[in-house]
Amino acid sequence: MFLPRILESIDTSISEKYLNELLEMNQITKEHGLVLTPEEVKNMMIVRSQALCSYGRVELDIAMTKELVAVFCTSSYINNDNFATILNELHEIFYYLKNETEDQIGDYKLIHMMKDYFDYDCGGSLELLKSKIEGFIEDFRKGVGLKESLFERDEF
Amino acid sequence: MELANPSSIQTLVVQGKIKKSYLSKYQYTISLINEGLRTRILDIQEVYDIQSQLILILKNLIRRYTQGESSSVSFETAEGILASMMYALDAYLLQLDDPEKAIFYLKSYHIQEIYDKGIEVVRQCFEETKELYREIRVHPLDVAVEAYNMTIEESLPIFLKKYNILFDAHNTMASIDYPLAIDDMRIQGVFYIKQYLERLKMEMEFCRLFKIQDLQETLINFGRICGFDYRIELFNIFELVLNNAIFSVLSGGDASDLKISVNQYNQLASLFTLLDESQIRFAIYTAKDRLQVDLNISNPNMINYMTQCTDELVQRVIHAAKYNSLNSVIITKKEDKPKSMMVLFKEADGMSDYHFRILVEAITECHQTEDKIQLIKSNIHSVQDFVDMLNSNCLFSEEYRVLFETLGEIELAILAKMVFYEELRNGPMDFSLIVTEKEPDIEWQLHYVELIKGLSKDRIASIEEYIYDIDYEEIKFY
């Protein structure tokens, strides 16, 4: 695919900038006892690129990754040992969800929905989160329960 | 943007020779960059800079597309936006009508500036397209050709409503069924629609040079000759009119006359059989030139368009003369058949949608077949309603047979013209044979065919006679 490659070429030139931006996120996460190492961040960027590629998506910046870090660092089910691994898995889940909901739901809302499921319905289990997400997608496809579960204020 | 300095362009031309044949007007910017590289007018670093600027524009467009709600989009969406962006760039650079100047612009100006100018060009084209459409919409030809009317009334308005200059400029997104005499479908987006409308307008202007009654009659004769319902077929009206006008001139008729009598046809047939290919070409072109003079046609675009169509006509006539099929090219006047019958279905007696729905519900709720038949007989008087009722599944297997048994031969012949439309369009055929071979998918047609198969030979022969007596334009079921 020509397009993702040319967009990636720009990303490569600013990957250093991304790395620094994510490391700066440690200022927020360390309040919750969580810190990402430069190696973990680099690895996360690789996982992100692979997930984007496998789900056929292109991304313009790392705003979504930063939002994932900022939102999930407050979860009581996450500790410094599993933080990076969970974030990697969350990237996969997020892009999958983005495709399955046909880009009709904004990033911010999806991330917060995933966090709510993760904390309140799934007890911090990624397996349960995936299953919950499948249920959500099914409802989305049927067009049932979408507004109740996400957009009480009708913010499409 | 300032005009390019001619001396700078001169320098580029000296560097290498741009081959216009290497450029594609359908991917103009990309082909310009490639050609710029090949001729070394652009170096690798300059191409990289252009690419980087293109990507930045694309990124900004994607951001606008998602309205900040999402930082990622699918490949398909991104590719669509990229194609739309390139469409705008192509629009501006093509408009310069000078590849050297276009490469100079790519080399010397911000791509964003070129893109913005391109968007303006596309927007301007869209406005002109809307204006063209308004002109066409006000005075369409009064013809019953469905594809022509649907294209003007439905397909084009959908395009004008949905067209998106920023994110989908390259998309034509209109299902235009009506074929032009000459079309270039490689063009995309609003430029295609504009070209389509310009040509359609020109075709309509030409058709208006003739009496509308003559045009309508030519269409009816065309349908009769081809054995189909011209109203639902896909063909170009202009071509038909131009050809017959040329034939009229060639057979001693008036340039503004479209009617070709049997005598004129015989005269033309003898002429084309006697002449060789180059003589046929000469005769047809001479008639075309006469047509231009007699009809006072001076618009060069129209003349060029007529010339291209005449080329096509020459080939068709040469072929038809060779294979003795001139009757399918020259639309001769077909006399109306004497109508002794009274067609029982009348379009004027059609029901409103509301009353039709009520009737279908009432038929469905009836338990006795006789009651259903009674309801149908006393309420339905138009072919359209009758066929809609048959398609509405309010009858069950045996009931179809009972209903069809109550129909007369004329009514059965009308239904046959619909059930066997495809078979009959190839000209007269043995009706019994068509019936035997037919295997319809639609339930009512299945029962209809079964009923016909069970009729006596005499009745089938009588229905067959009616089939060829009834013309499609007499049955208003579309």
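By the ring-pair rule applied here, the predicted model holds 26 aromatic pairs over all chains. One of them joins B:Y400 and B:F404. The two ring centres lie 6.4 Å apart, and the planes meet at 25°. That angle makes the pair stacked, because planes under 30 degrees apart are classed this way. A pair of aromatic rings is described by the distance of the centres and the angle of the planes.

The sequence accounts for the spacing of this pair. B:Y400 and B:F404 both belong to helix α17 of chain B, which spans residues 397-405. They are four residues apart, so about one helical turn separates them. Both side chains are shielded. B:Y400 has a relative accessible area of 1% and is therefore buried. For B:F404 the value is 0%, so this residue is buried as well.

B:F404 has a further aromatic partner, B:W444. Here the centres are 6.4 Å apart and the planes stand at 55°, so the pair is tilted. B:F404 sits in helix α17 of chain B, whereas B:W444 sits in helix α21, residues 443-453 of that chain. The pair therefore ties together parts that are 40 residues apart in sequence. B:F404 and B:W444 are both buried. These contacts belong to a wider group. One aromatic cluster is formed by B:Y400, B:F404, B:F420, B:F431, B:W444 and B:Y448.

The largest pocket has a volume of about 930 Å³. Rolling a probe the size of a water molecule over the atoms shows where empty space is left. Thirty residues line this pocket. Nearest its centre lie B:K25, B:Y26, B:Q27, B:M86 and B:D90. Both chains contribute helices to the lining. From chain A, α1 (2-13) supplies at least two residues. From chain B, at least two residues each come from α2 (28-38), α3 (44-66), α4 (75-96) and α8 (189-207). The largest share is that of α4(B), with nine residues. By residue type, the lining comprises 18 nonpolar, seven polar and five charged residues.

Two backbone positions in chain B were examined for the sign of phi. Most residues other than glycine have a negative phi, and most peptide bonds are trans. B:R40 is not a glycine, yet its phi is positive, at about 60°. B:R40 is placed in the loop between α2 and α3 of chain B. Its relative accessibility is 68%, so B:R40 counts as exposed. B:N296 likewise has a positive phi, near 55°, and is a residue other than glycine. The position of B:N296 is in the loop between α12 (277-294) and α13 (300-322) of chain B. With a relative accessible area of 67%, B:N296 is exposed.

Another loop residue, B:T332, lies between α13 and α14 (353-365) of chain B. B:T332 has a relative accessible area of 10% and is therefore buried, since the limit for that class is under 20%. Setting aside neighbours within four places in sequence, B:T332 is in contact with five residues: B:N221, B:I225, B:I260, B:S261 and B:Y265.

At the level of whole chains, chain B contains 22 helices and one strand. Chain B has 478 residues, of which 50% count as buried. Consider its contacts between residues at least 6 apart in sequence. Of these, 70% join residues at least 24 apart. The accessible surface of chain B amounts to about 23,900 Å². Carbon and sulfur atoms hold 50% of that area.

Chain A has nine helices and one strand. From the N terminus on, its elements follow the order α-α-α-α-β-α-α-α-α-α. Chain A has 156 residues, and 48% of them count as buried. Among contacts in chain A with a separation of 6 or more, 63% are between residues 24 or more positions apart. The accessible surface of chain A is about 7,800 Å², and 50% of it belongs to carbon and sulfur atoms.

Definitions and conventions: Residues numbered from 1 in each chain as written. Chains lettered and ligands numbered in written order. Predicted model: local features only at pLDDT ≥ 70, side-chain atom pairs only at ≥ 80, totals over all residues. Heavy atoms only, no water. 1 Å grid on protein atoms, 1.4 Å probe; cavity = no way out; pocket = protein on both sides within 12 Å on 5 of 7 lines; lining within 4 Å. Points joined across faces, edges and corners; volume = space filled by probe spheres on them. Nonpolar A, V, L, I, M, F, W, Y, C, P; charged D, E, K, R; others polar. Phe/Tyr/Trp six-rings, centres within 6.5 Å; stacked < 30°, edge-to-face > 60°. Buried < 20%, exposed > 50% of the residue type's maximum accessible area, 1.4 Å probe, protein only. Contact = heavy atoms within 4.5 Å. Areas by Shrake-Rupley, 256 points an atom, 1.4 Å probe, with all protein chains shown as cover.
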